[in-house]
Amino acid sequence: MHAGCLSGAGAGGFRMIARHFSWSGLRCRLESEILVANSSAICLKHPEIMSVPQNTIAIVYDYDQTLSPIYMQEEAIFPVFGIDPSHFWKRCAELVQKQGYDHELAYMKVLLDCLEIDRPTNARLRELGARLTFYPGLPEMFEDLKNTLITPEHAAHGIRVEHYIVSSGMKELIEGSRLAPYVRKIFGCEFATDEHDRITFPKRAISHTQKTQFLFRINKGMLELDQDVNDHMDPALRPVPFQNMIYVGDGPTDVPCFTVMRRNGGQAIAVYNPEDPTRTSFKKCYQLCTHADRVKNIAPSDFRAGSHLRLLLEEMVLEIGNRIIQRRRDDFEAGTVKAPKH
Ligand SMILES: [Mg+2]
């Protein structure tokens with residue numbers, strides 16, 4: 001391990017901070033705050049902290065209306081089990097309005113009720129996920145961003161792009177979709193099963209406010225749900241700083257996630273369906289951007305090369321990648337002890 005230099009010389013009563021060591025590809029940061037009480041007395045306030053490389057760029061997507069114009073239940077489940085969409089959603093609305101259900105628990109209950117005599121297994125739900133279709137450019141964009149956008153210099157620094165999906169829809173359907181092979185982790189609502197493996201009860205419901213928890217899971221690298229995301233973690237130990245994250249969502253249900261991104265220095269994009277003849281989809285985004293000041297960027301849900309959304313995502317990824325490299329250069333500079341001149 002090479003010693004770094006002390007920066008910010010202090011005289012009596014001033015604070016000096018020593019940091020930025022380079023060792024085996026990891027940044028080893030000495031966070032010790034050295035209080036110089038006088039010219040002869042020095043005390044260490046904090047111990048050394050090893051930090052992680054922080055070279056991952058995470059793009060996090062909502063699913064319904066963000067990656068697909070069709071609600072996943074309508075596309076993958078209703079036609080197979082003969083469920084009438086208008087009856088289904090009307091029953092859900094009644095549970096929410098008259099009985100105070102959460103939206104997600106309402107749709108999970110109505111689904112279980114509708115499938116009473118023919119409840120599928122989670123494996124069957126995963127099979128049905130193959131029926132899901134997406135906005136133009138998907139899933140190809142997922143692969144393109146991983147493979148073609150990272151420059152040789154970014155690659156040399158180990159910088160990579162990862163995709164995550166956080167949905168209030170059904171995790172098993174997305175797991176079985178054509179998107180799944182490109183996604184590091186999918187978070188969504190889940191069903192428990194009975195002794196015959198048939199779905200029987202909601203096991204996990206992710207509401208739009210709870211979705212923010214999963215941004216922190218990605219930030220802290222706590223992707224397994226048995227890990228307590230509320231545990232304190234030093235920013236230097238978080239594998240994906242919020243500044244390395246981009247959130248893509250479609251409307252008011254994504255506002256909590258937009259807010260978390262904004263407060264923590266991340267990026268966010270609100271997308272709309274350009275083929276919605278009512279313009280409702282566009283108006284939601286317009287409100288979020290123009291009047292509510294929730295997001296800076298809105299774009300049509302078109303993920304093909306050259307589209308507005310694709311240009312935004314590519315520019316953000318490149319900007320984050322360049323910033324990671326610049327920070328490393330700064331760290332190196334700060335950690336280099338100049339040889340004495342004669
Ligand atoms: Mg949505």
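This talk walks through one predicted model, from the overall fold down to single residues.

Start with the overall picture. The protein has 12 helices and 14 strands. It has 342 residues, and 35% of them count as buried. Now look at contacts with a separation of 6 or more. Residues 24 or more positions apart account for 57% of those.

Next, the sheet. Please find the open sheet of seven strands. What is the strand order? It reads S11-S10-S9-S8-S12-S13-S14, and the pairing is mixed. From one strand to the next, the twist averages 30°. Which strands stand at the edges? They are S11 and S14, the latter covering 297-300. Each has a single partner strand, so one side of each has no neighbour in the sheet.

A quick reminder on pairing. Strands of a sheet pair through backbone hydrogen bonds, either parallel or antiparallel. This sheet shows both kinds, as its mixed pairing says.

Take the S11 end. S10 and S11 run antiparallel, joined by four bridges. Ala-192 stands opposite Phe-201 in S11. One step in, S9 and S10 run parallel, again with four bridges. There, Val-166 has Phe-187 of S10 as its bridge partner. Now jump to the other end. S13, residues 267-272, runs parallel to S14, and four bridges join them. Val-271 pairs with Ala-299 in S14.

Back to S10 and S11, because the link between them deserves a look: the two strands form a hairpin, with five residues between them. Asp-197 sits in that turn with a positive phi of about 70°. Why flag that? Most residues other than glycine have a negative phi. Asp-197 is not a glycine, yet its phi is positive. Is Asp-197 buried or partly exposed? It has 13 C-beta neighbours inside 10 Å, so it counts as partly exposed.

Arg-198 is in the same loop, between S10 and S11. Arg-198 has 15 C-beta neighbours inside 10 Å, which makes it partly exposed as well. What does Arg-198 touch? Leave aside its neighbours within four places in sequence. Then its contacts are Arg-119, Pro-120, Thr-121 and Thr-193. Arg-124 is 74 residues away along the chain, but its C-alpha atom is 9.2 Å from that of Arg-198.

Now the helix on this part of the sheet. H4 covers residues 103-114. It lies across S9, S10 and S11, running at about 170° to S11. H4 has 12 residues and reaches 17 Å from first C-alpha to last, close to the 16 Å expected. Which residues of H4 are buried? They are Glu-104, Ala-106, Tyr-107, Met-108, Val-110 and Leu-111. Helices put residues three or four places apart on the same side, because there are 3.6 residues a turn. The buried residues of H4 pack against strands S9, S10 and S11, and also against helices H1 (72-76) and H3 (85-99).

Second helix: H9, residues 211-220. H9 is mostly covered, with seven of its 10 residues buried. The buried set is Lys-211, Phe-214, Leu-215, Arg-217, Ile-218, Asn-219 and Lys-220. What covers them? The cover includes strands S8, S9, S10 and S12, plus helix H10. Just past the end of H9, Gly-221 takes a positive phi of about 70°.

H9 and H10 pack at an angle of about 35°, with their axes 8 Å apart. The crossing is right-handed. H9 brings Lys-211, Thr-212 and Leu-215 to the contact, while H10 brings Pro-256, Cys-257 and Val-260. By class, that is four nonpolar residues, one polar and one charged.

Two more backbone spots, and then I am done. First, Arg-279. Arg-279 lies in the loop between S13 and H11. Its phi is positive, about 65°, and it is not a glycine. With 12 C-beta neighbours inside 10 Å, Arg-279 counts as exposed.

Second, Pro-139. Most peptide bonds are trans. The bond from Leu-138 to Pro-139 is cis, with omega near 5°. Where is Pro-139 found? Look in the loop between H5 (122-128) and H6 (140-147).

Key:
Residues numbered from 1 in each chain as written. Predicted model: local features only at pLDDT ≥ 70, side-chain atom pairs only at ≥ 80, totals over all residues. Axes fitted to C-alpha atoms, helices over the stretch in contact; angles between N-to-C directions. Left-handed = near helix turned anticlockwise from the far one by under 90°. Contact = placed C-beta atoms within 7 Å. Nonpolar A, V, L, I, M, F, W, Y, C, P; charged D, E, K, R; others polar. Expected span 1.5 Å × (residues − 1). Buried ≥ 20, exposed ≤ 12 C-beta atoms within 10 Å, placed from the backbone. Pairing = 2+ DSSP bridges.
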